[in-house]
Amino acid sequence: TITAHAVYCTDGNQYSCTETFQQVSSMEEVRNSIGNTYHVDSSTGLLTFRIIQTPSNFVGRPDFFLPSYDDIGKWGNGYALGRFERDGVRLPKMAYGPYLTLEANCSPDASGKYCNGMSPTPEV
């Protein structure tokens with residue numbers, strides 16, 4: 001399970017604070033998503049997901065969305081994505097607080113680091 005989390009947030013009718021990612025059938029679908037999908041390659045066990053910058057205090061309005069620099073912030077305050085702008089140059093600011101959790105539901109291998117049968121095999 002992969003879940004995006006906002007901080008300083010309470011779920012309500014207008015804004016959501018968490019989004020559980022949905023599994024899709026290809027990496028192409030992940031690339032073309034708004035950032036709330038993942039794919040697991042059944043032959044290699046490789047997990048692919050897209051990381052996007054979210055607002056720090058919400059992840060949806062109430063549905064999850066891929067924010068742009070023009071999206072207005074929560075309750076109409078500022079912008080959804082922090083930035084510094086001067087003379088036509090816009091630089092993104094890091095959003096402190098939002099995070100992702102990844103939870104694997106599998107039997108661990110002998111090392112305890114990988115799912116059983118999914119340890120990476122070094123290429124020769």
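The chain contains one helix and eight strands, and in this predicted model these elements follow one another along the sequence in the pattern β-β-β-α-β-β-β-β-β. The radius of gyration of the chain is 18 Å, well over the 14 Å that the globule rule gives for 124 residues, and the chain is therefore more spread out than a compact globule. Taken along the principal axes, the box filled by the C-alpha atoms is roughly 50 × 35 × 25 Å. Of the 124 residues, 29% count as buried, and the accessible surface of the chain comes to about 8600 Å², of which carbon and sulfur atoms contribute 50%. Among the contacts in the chain with a separation of 6 or more, 40% are made by residues that lie 24 or more positions apart.

The aromatic residues are described next. The count of aromatic pairs, in which the ring centres must lie within 6.5 Å, comes to four. One of these pairs is formed by Tyr15 and Trp75, whose rings are 4.7 Å apart from centre to centre with 75° between their planes, an edge-to-face arrangement. This pair links distant parts of the chain, since Tyr15 belongs to the loop between β1 and β2 whereas Trp75 belongs to the loop between β5 (47-49) and β6 (83-86), and the two residues are 60 residues apart. The partners also differ in their exposure to the surroundings: because its relative accessibility is 12%, Tyr15 counts as buried, while Trp75, at 55% relative accessibility, counts as exposed. The rings of Phe58 and Phe65 have their centres 5.8 Å apart and their planes at 15°, and this pair is therefore stacked. Phe58 and Phe65 are both buried, and together with Tyr15 and Trp75 they form one aromatic cluster.

Positive charges are also placed over aromatic rings in the model. The ring of Phe65, a member of the cluster just described, has the charged end of Arg61 over it, at 3.9 Å from the ring centre. In a second case, Arg83 lies over the face of Tyr79, and here the distance from the ring centre is 3.8 Å.

Ser16 is found in the loop between β1 (2-5) and β2 (18-20), and because its relative accessibility is 9%, Ser16 counts as buried. When its neighbours within four places in sequence are left aside, Ser16 is in contact with Cys9, Asp11, Phe58, Val59, Gly60 and Pro62. With Pro62 there is a specific polar approach, in that the side chain of Ser16 reaches the backbone oxygen of Pro62 at a distance of 2.6 Å. Pro62 itself lies in the loop between β5 and β6, and the peptide bond that joins Arg61 and Pro62 is cis, with an omega of about -15°. Arg61 is thus found both at this cis bond and over the ring of Phe65.

Two further residues of the loop between β5 and β6 were examined, namely Thr54 and Ala80. Thr54 counts as buried because its relative accessibility is 11%, which is under the 20% limit. Not counting residues up to four places away in sequence, Thr54 touches Val59, Pro67, Leu81, Ala95 and Pro98. Ala80, at 9% relative accessibility, likewise counts as buried, and its contacts, with neighbours within four places in sequence left aside, are Pro55, Phe58, Asp71, Ile72 and Gly73. Phe58 thus appears among the contacts of Ala80 and also among those of Ser16. Between Ala80 and Tyr69, which are 11 residues apart in sequence, the distance in space is 7.2 Å from C-alpha to C-alpha.

The backbone geometry was considered last. Most residues other than glycine have a negative phi, and most peptide bonds are trans. Tyr8, although it is not a glycine, has a positive phi of about 50°; this residue lies in the loop between β1 and β2, and because its relative accessibility is 77%, Tyr8 counts as exposed. Trp75 is likewise a residue other than glycine with a positive phi, here near 60°, and Trp75 lies in the loop between β5 and β6. The cis bond between Arg61 and Pro62 has been noted above.

Technical notes:
Residues numbered from 1 in each chain as written. Predicted model: local features only at pLDDT ≥ 70, side-chain atom pairs only at ≥ 80, totals over all residues. Heavy atoms only, no water. Helix = DSSP H or I, 4+ residues; strand = E, 2+ residues; numbered from the N terminus. Buried < 20%, exposed > 50% of the residue type's maximum accessible area, 1.4 Å probe, protein only. Polar contact = N/O pair within 3.5 Å; in protein donor to acceptor, adjacent residues only side chain to side chain. Contact = heavy atoms within 4.5 Å. Phe/Tyr/Trp six-rings, centres within 6.5 Å; stacked < 30°, edge-to-face > 60°. Lys NZ or Arg CZ within 6 Å of the ring centre and 35° of its normal. Rg over C-alpha atoms; globule rule 2.2 N^0.38 Å. Areas by Shrake-Rupley, 256 points an atom, 1.4 Å probe, with all protein chains shown as cover.
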